[in-house]
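Trainee: Please take me slowly through one part of this model, the places where helices pack against one another. I would like the geometry of each crossing together with the residues that form it.

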Amino acid sequence: MEARENYQSDQMTIAYEQTGRATNTDAMGMREMQARVYEKRNERFLLVKAPPASGKSRAMMFVALDKLANQGVRKVIVAVPEKTIGRSFQRTPLKKYGFFADWEVPVYFNLCDVTNDKDKVKRFKEFVEPYTSARTLVCTHATLRFALKELADEKLNDLFFGIDEFHHTSADADNGLGKVVRRLMNRTNAHLLAMTGSYFRGDGTPVLRQEDQVRFTPVQFTYYDQLNGYRYLKSLGLGYHFYRGHYLSALDKVLDTRQKTLIHIPVTNSKAAGAYDKFEQVKQIIDLMGNRVCEDYQTNIVTVKTKDGRLLKVADLVNPDTDHRSHVQGYLQRMKRREDVDVIIAMGMAKEGFDWVYKKFKSKLCNYNI
């Protein structure tokens, strides 16, 4: 059917006070939200609910470093859903902003780095041993689950676990991450900091069982706290574009390739995907942008030439081929410049979010809008 477009730019506009409180830092280099979390640093179980870009990753670093220095914790393990999100926990200088230590992660124990794809469980098990001098490790939720299956409870004592995107946990008895959390809480003396931008799973299953949730000390920082506390954000406009038929038939009317764009496509066999599998969706999206010029064999980044002659760098995170995905993820982890990538096309991992400082907006193609 014909696409039906809505050209109104903003259907909702919200004005903010521009207080600067959300981004101002104190004498220790902490934003408002991070300072709230740090005040609760002595709690064994912390649950942080805060929006994207509020500084949750660094809040975890502050707490973890204090646990190591002052609370008897011997090692820190940070777990994220996707390797790309692990970029948020790379080496971070904190001392120059007033904190007492920097955040350091040995390359060997950054298990989200694409160069460490082999022996991740072996390295994890090596890390927790007392003879290993390293004190911080970053891994995916999957690596955490697999490694803990091979470790006795006593090996997990005196450790700090930071779990990002905590809504992956579930009260369901079959949820692997939920089993890990309950085990750490009930069978070890480990400390736990859980973080999420959304405490809702979308499937009707609670994130935590009630008896476990009451043991967590909550720290909440709302979207209003965050957006109202920016210094330069005057207003935020939310726009929607409606279509009939399939979203690909309307995409060319709203996709602006002059903006840095993240396109999150619907999963195969969903109503929004229609008859198209994920590969066909990616192909058609690239065709809408222009002509495919080449694909870098080292990075798997695709170069697309638009009708007006511009060259776009497109990262395809939908392709499930292990080498392809690893090359693209590695490129995204290492990119330093605005022009390094223009469009990222993803499916599952995009909904979790990842740091892309040049992204102007998030384009989520799921049933109704871009």
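Mentor: What follows goes through the helix packing one pair at a time.

This is a predicted model, in which local features need pLDDT of at least 70 and side-chain atom pairs count only at pLDDT 80 or more, while totals for chains, interfaces and linings use all residues. Residues are numbered from 1 along each chain as its sequence is written, and side-chain values use heavy atoms, with hydrogens and water left out.

Let us begin with the pair α3 and α4, where helices are DSSP runs of H or I with at least four residues, strands are runs of E with at least two, and both are numbered from the N terminus. Helix α3, residues 120-128, packs on α4 at an angle of about 65°, and their axes are 9 Å apart; here an axis is a line fitted to C-alpha atoms, for helices over the stretch in contact, and the angle runs from 0 to 180 degrees between N-to-C directions. That angle makes α3 roughly perpendicular to α4, given that 65 to 115 degrees counts as roughly perpendicular, under 35 as roughly parallel, over 145 as roughly antiparallel and the rest as oblique. The crossing of α3 past α4 is right-handed, a term for a near helix turned clockwise from the far one by less than a right angle, with left-handed used when the turn is anticlockwise. On the α3 side, Lys120, Val121 and Phe124 make the contact, and on the α4 side Thr143, Leu144, Phe146, Ala147 and Leu148 do so, contact meaning heavy atoms within 4.5 Å. By class, this contact has six nonpolar residues, one polar and one charged, where Ala, Val, Leu, Ile, Met, Phe, Trp, Tyr, Cys and Pro count as nonpolar, Asp, Glu, Lys and Arg as charged, and the others, Gly among them, as polar.

Helix α4, residues 141-148, also packs against helix α5, residues 176-187, at an angle of about 60° with the axes 10 Å apart. That makes α4 oblique to α5, and the crossing of these two is left-handed. From α4, the residues His141, Leu144, Arg145 and Leu148 meet Gly176, Leu177, Val180, Arg183 and Leu184 of α5. This contact divides into five nonpolar, two polar and two charged residues.

Turning to the remaining pair, helix α1 (residues 32-39) and helix α2 (residues 56-70) have axes that come within 9 Å and cross at roughly 30°. That makes α1 roughly parallel to α2, and their crossing is right-handed. Here Met33, Gln34, Val37 and Tyr38 of α1 meet Lys56, Arg58, Ala59, Phe62, Val63 and Asp66 of α2, a set that divides into six nonpolar, one polar and three charged residues.
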